[in-house]
Amino acid sequence: MDLTTLERLPLWIGGRAHSPTTTRYGEVTNPATGEVIRHVPYANAADVDAAVNAAADAFPAWSSTPSLRRARVLMKFRDLLDRHRKDLARIVTQEHGKTLVDAEGSLTRGMEVVEFATGIPHLLKGEHSDSVGTEVDSWSMRMPLGVCAGITPFNFPAMVPMWMFPIAIACGNTFVLKPSERDPTLSLRLGELLQEAGLPDGVFNVVHGDKEAVDALLAHPRVRAVSFVGSTPIARYIYETGAKHGKRVQALGGAKNHAVVMPDADLDFATEAIIGAGYGSAGERCMAISAVVAVGDVADSLVERLAARAKRITTGPGDAPDIEMGPVITCAARDRITGLIDRGVSEGASLVVDGRRPTIAGHASGFFVGPTLFDHVTPDMTIYREEIFGPVLIVVRAESLNDAVTMINENPYANGAALFTRSGHAARRFQQDVEVGMAGINVPIPVPMAFYSFGGWRNSLFGDLNVHGTDGVRFYTRLKTVTARWPDDGSAAPGFHMPVMG
Ligand code: NAD
């Protein structure tokens, strides 16, 4: 590979850009044009070691900094993110492909986690009991873990890392981020802005790379906890390997989110909501609606509306005006998605809108797939069973709400599910019976706000705790419970027996 002409990204270690020792580099492309725009280093074990050691060295001072002062750094960071939001969104769009409006929206969702983390003095308050015994008091403290690592996917280069590190560092930990190698530049800007906000050197570090860097993080003895978001096979691998090395792990995996439409639903409202949730960000959202379950006799009129609206979606480069949907991330992703569409056709589903060969003026080499809609899909088909992660909506027909919920509960993925109805009774049945981590009622993408926690069930999350919200604080801290007495001279000391309070 010719490395002479294009920019080579550095790592971010110890509060500054850091030249890696690795000689392995990958290409970063602009998915709208198909052009290689820069090169990203694939860190080796020595590079990872440098980042983890910088984080470990920064830990004693940072963890003993008062939480209020840590929060103030995050307040400044939040303001800097806001001030630079347009530039940050442009970086996301250039490397990911999503529209500028969507990129800015994802930044806002990340900033909300920073805002939540600024409440850390309150969030770290423990429990306290005086006089658990005669003149004995007891209380608990939430203590940071040490060096935490975050390994993140391509689809949200700003938001997903910000689900993790603001809370981790607010709790007093230090952090090493391994962002996706597909869109790595934003993470370096985050490092610069944290530095400008006054974060001490080494508290936040970035290593780029692939499996080699991830494996070095998972095996590193100074890494205490690993947060992962990505596909299910890798999530399972991270969970198992991290646990084998004695680390605390939360690993969020893939999804196949269903939207159930009841016969009494407002069909125009449901159509518009499902179109946005299915095709927004070219379907590359972990909470994208991928399967629509049409209940009873609603299917024909729903499919007709979805098809009409899908055909009107404006597809093109994410930085052009009036574009609703950009390209998918890579050429390989485009070929995988069109291959799955071929498979849907060969397995007997009805292809209502075919997005396999879209014409995008001036962008013949971009990685575009047009909006695609299938009807008459059945649960045994590949397009139902696999996560497509592209702009492909499939409609499955069900006779009743019960049948729809059973179908969702039998799916191996269990991130989110939504119901469209005007019936409070149906809504309540759904929210009680559906077995997923996040449920929406007339809300197609029920992503919890930063002060609630985000996570799925079954193959969509391995681990005990969700990300952000109070689960995030619990993940990035461990409890210490103190029992104390201050005896006057001459009072009896505990003897040989098990002490009994009272
Ligand atoms: P991915 O699993 O390919 O990559 C995620 C991260 O793992 C990247 O940093 C990558 O470098 C690393 N990685 C890839 N292969 C690896 C290997 N063999 N060993 C070790 N590390 C490896 O995921 P992606 O394609 O970047 O992102 C899309 C996936 O992420 C989809 O499945 C989507 O549903 C999922 N996702 C889930 C959530 C959620 O909240 N559950 C959120 C966003 C994305």
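Colleague: What makes the pair formed by the ligand and Thr152 a polar contact?

Modeller: This is a predicted model. In it, a polar backbone atom of Thr152 sits 2.8 Å from an oxygen atom of the ligand. The cut-off is a pair of N or O atoms within 3.5 Å, so the pair counts.

Colleague: And why do Gly230 and Ser231 count as polar contacts of the ligand?

Modeller: For Gly230, a backbone N or O atom is 3.3 Å from a ligand oxygen. Ser231 uses a polar side-chain atom, 2.6 Å from an oxygen of the ligand. Both are within 3.5 Å, so both pass. On its own the ligand has 840 Å² of accessible area, and the protein covers 87% of that.

Colleague: How do you know that the ligand lies between domain 1 and domain 2?

Modeller: Domain 1 (3-253 + 460-481) and domain 2 (257-441) both give residues to the shell, so the ligand lies between them. Helix 8 (211-219) and strand 10 (223-229) each supply at least two shell residues.

Colleague: Which residue classes make up that shell?

Modeller: There are 14 nonpolar, nine polar and four charged residues. Among the closest of the 27 surrounding residues are Lys178, Glu181 and Glu387.

Notes: Residues numbered from 1 in each chain as written. Predicted model: local features only at pLDDT ≥ 70, side-chain atom pairs only at ≥ 80, totals over all residues. Heavy atoms only, no water. Near = heavy atom within 4 Å. Polar contact = N/O pair within 3.5 Å; in protein donor to acceptor, adjacent residues only side chain to side chain. Areas by Shrake-Rupley, 256 points an atom, 1.4 Å probe, with all protein chains shown as cover. Helix = DSSP H or I, 4+ residues; strand = E, 2+ residues; numbered from the N terminus. Nonpolar A, V, L, I, M, F, W, Y, C, P; charged D, E, K, R; others polar. Domains from an automatic or database assignment.
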